[in-house]
Amino acid sequence: MSTAPLDQLPEQKAELLQAIAGISTLEMLREEEPRITGKRSILSTLQRSLGSLDPDARKDAGATLQEVRHEVEAALAARRAELERSARSETLEVDRLDLGDVVVSSLKWPLGVGHPGLVASTQQELEDVFIGMGFSVADGPEVESDWYNFEALNIPPAHPARGMWDTFYVELGEPETVVLRTHTSPTQIHLMEAAVANGTLPIHSVMPGRCFRRDTPDARHLATFHQIEGLVVDRGISFADLAGVIETFTRAYFGADIESRLRPAYFPFTEPSAEFEITCTICRGEGCRTCSRTGWIELGGCGMLDPAVLEAVGIDGNEWSGFAFGFGIDRCAQMRHQIADMRALIENDVRFLEQFS
Ligand code: PHE
């Protein structure tokens with residue numbers, strides 16, 4: 001053995017620095033690290049060998065060794081930082097997403113002209129049918145007070161009939177109860193109030209629009225859906241007028257081969273009331289999953305205006321009578337185009353949408 005344990009230190013240090021320079025990945029660095037600065041490393045071995053020196057020489061040698069250790073450790077840290085930096089930019093490069101690229105390459109060139117969705121075009125067609133029958137088209141709010149959505153329609157608070165509509169309540173902090181309208185019937189009330197205030201009775205109107213119910217979507221239901229309401233207030237109106245309007249509409253919109261029927265039902269705002277059903281167009285009346293094997297699809301409800309409703313809006317029931325109906329626009333689209341599952345209307349699958357351009 002040479003007289004001093006640190007004789008070889010310059011060469012040993014050069015070797016260590018060279019080894020560090022040769023580390024090319026973070027994984028390799030983790031593997032090499034114990035051999036460079038760990039307990040079994042040459043630096044630690046030399047440290048232990050200093051015990052054989054006399055105190056003065058040990059102090060000097062210790063200081064020299066410490067200096068070299070710092071230098072090696074600094075080189076290792078610098079190498080680690082360098083490797084981490086390049087690993088990060090590599091990840092960035094790999095994960096890089098050129099949004100312009102994605103959008104452009106998924107479009108078919110030349111770009112075509114878009115078109116209204118199926119529900120919008122169905123609403124348009126329904127409006128046209130009713131305009132042809134002498135109705136005008138009116139609009140109403142989607143957010144309603146309890147009065148319009150329920151009370152004026154003869155559904156007082158805590159009335160069991162409220163259970164017919166799974167309602168979304170809107171928390172606005174007012175004393176008044178506010179809801180997302182569960183049907184288009186509240187627009188009847190707006191129209192009648194306005195007609196009374198302006199002295200513009202009679203009314204022959206349809207009112208299409210969006211409605212909301214706390215429903216779990218299935219083949220026939222969506223939580224956000226569309227209805228078209230109809231309202232006639234005039235002199236000498238009877239149930240025969242209502243039945244005639246429903247029948248005329250069905251033939252005009254669905255064609256002569258689709259049957260419709262009215263079945264007795266209950267609605268708090270009409271008396272008598274009926275449900276309006278047509279032959280299921282998916283199975284042509286055979287019974288299928290869409291119509292729950294009944295062969296019929298309920299489009300909506302209808303009936304003669306209940307005297308309590310006329311009274312709520314200040315219309316004299318001795319002079320005026322009328323009827324109302326309300327049915328699903330989405331349902332009409334579904335039946336007209338034989339869409340087995342209504343959820344297709346909101347899934348935005350381009351292959352579905354393109355069929356209705
Ligand atoms: N608003 C009722 C519903 O959504 C349908 C209806 C409208 C019934 C008009 C009678 C008269 O269930």
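In these legends, a helix is a DSSP run of H or I at least four residues long, a strand is a run of E at least two long, and both are numbered from the N terminus. Keep in mind that the whole model is predicted.

**View 1. Start with the whole protein chain, which has 13 helices and ten strands.** Along the principal axes, the C-alpha atoms fill a box of roughly 125 × 50 × 40 Å. The radius of gyration of the protein chain is 40 Å, while a compact globule of 357 residues would come out near 21 Å. Now look at who touches whom: of the contacts between residues at least 6 apart in sequence, 69% join residues at least 24 apart.

**View 2. Here's the surface of the protein chain, with about 19,500 Å² exposed.** Carbon and sulfur atoms supply 52% of that area. As for what's tucked away, buried residues make up 42% of the 357 residues. The protein chain also carries 32 positive and 55 negative charges, and the mean positions of the two sets lie 10 Å apart.

**View 3. Zoom in on helix α11, residues 329-336, which is mostly covered.** Seven of the eight residues in α11 are buried. Which ones are they? Going along the helix, you meet I329, D330, R331, C332, A333, Q334 and M335. Just after α11 comes Q338, where phi is positive at about 50°.

**View 4. Three strands make an open sheet here, in the order β2-β4-β3.** Strands of a sheet pair through backbone hydrogen bonds, and the pairing can be parallel or antiparallel. In this sheet the pairing is antiparallel. β2 (143-145) and β3 (169-170) stand at the edges with a single partner strand each, so one side of each has no neighbour in the sheet. Strand β4, residues 178-180, is joined to β2 by three bridges. To find your way around, look for V143, which stands opposite L180 in β4.

**View 5. Two cis peptide bonds are worth a look, and the first view of them shows L201 and P202.** Most peptide bonds are trans. The bond joining L201 to P202 is cis, with omega at about 0°. P202 is in the loop between α8 (186-198) and β5 (203-212). A cis bond also joins E271 and P272, and omega there is about -5°. Where is the place of P272? P272 belongs to strand β8, residues 270-279.

**View 6. N154 has a positive phi, even though this residue is not a glycine.** Most residues other than glycine have a negative phi. For N154, phi is about 70°. You'll spot N154 in the loop between α7 (146-149) and β3. Is N154 exposed or only partly exposed? Its relative accessibility is 29%, so N154 counts as partly exposed; that class covers the values between the buried cut-off, under 20%, and the exposed one, over 50%.

**View 7. R293 also has a positive phi without being a glycine.** Phi of R293 is near 65°. The residue is found in the loop between β8 and β9 (296-305). R293 counts as exposed because its relative accessibility is 61%, and exposed means over 50%.

Definitions and conventions
Residues are numbered from 1 along each chain as its sequence is written. This is a predicted model: local features need pLDDT of at least 70, side-chain atom pairs count only at pLDDT 80 or more; totals for chains, interfaces and linings use all residues. Side-chain values use heavy atoms; hydrogens and water are left out. Buried means under 20% relative accessible area, exposed over 50%, partly exposed in between (1.4 Å probe, protein chains only). The radius of gyration is taken over C-alpha atoms; the globule rule is 2.2 Å times the number of residues to the power 0.38. Contact means heavy atoms within 4.5 Å. Accessible areas come from the Shrake-Rupley method with a 1.4 Å probe; for residues, only the protein chains shown count as cover. Lys and Arg count as positive and Asp and Glu as negative; His and the chain ends are not counted. The place of a charge is taken as NZ of Lys, CZ of Arg, CG of Asp or CD of Glu. Two strands pair if DSSP finds at least two bridges between them.
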